[in-house]
Amino acid sequence: CVADTEVRTVPIVATADFAYLRLRDDGYDDAAIAHWTRTAQELATTCKDVFVYFKHEDAGKGAMSGQRMLELLARG
């Protein structure tokens, strides 16, 4: 599990045939979403599956970040 929060991060190291990105910051701008999209794509070269979870909160920012990541992935 690669976790990202407002106060800490962990190294991005694949230790299984899948990856789990837990993106827990309060908000990700376009540059940060692009960074995590590239990270997911890089992990997909060695992992069968890459799971990405954005923080759940009442404002719906996590869902919007996920939608933005899907748009970037669709572009290739």
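These entries record what I looked up in a predicted model.

**Basis.** I number residues from 1 along each chain as its sequence is written. In this predicted model, local features need pLDDT of at least 70 and side-chain atom pairs count only at pLDDT 80 or more, while totals for chains, interfaces and linings use all residues; side-chain values use heavy atoms, with hydrogens and water left out.

**Helix H1.** I looked up H1, residues 30-43 (helices are DSSP runs of H or I, at least four residues; strands are runs of E, at least two; both are numbered from the N terminus). Its 14 residues should span 20 Å at 1.5 Å a residue (1.5 Å times one less than the number of residues), and its end C-alpha atoms are 20 Å apart, which agrees.

I then listed its buried residues: Ile 33, Trp 36, Thr 37, Thr 39, Ala 40 and Leu 43 (buried is under 20% relative accessible area, exposed over 50%, partly exposed in between; 1.4 Å probe, protein chains only). Seen down the axis, they fall within an arc of 160 degrees (taken from the directions from the helix axis to the C-beta atoms), so they line one face of H1. The face turned away from that buried side carries the exposed Asp 30, Ala 31 and Glu 42. I found the buried residues packed against strand S1 (2-4), strand S2 (18-23), S3 and helix H2 (61-75) (contact is heavy atoms within 4.5 Å).

**Ser 65.** I located Ser 65 in H2. Ser 65 counts as buried because its relative accessibility is 7%. Leaving aside residues up to four places away in sequence, Ser 65 touches Tyr 28, Ile 33 and Phe 54.

**Phe 51.** I located Phe 51 in strand S3, residues 49-54. Phe 51 has 37% relative accessibility and therefore counts as partly exposed.
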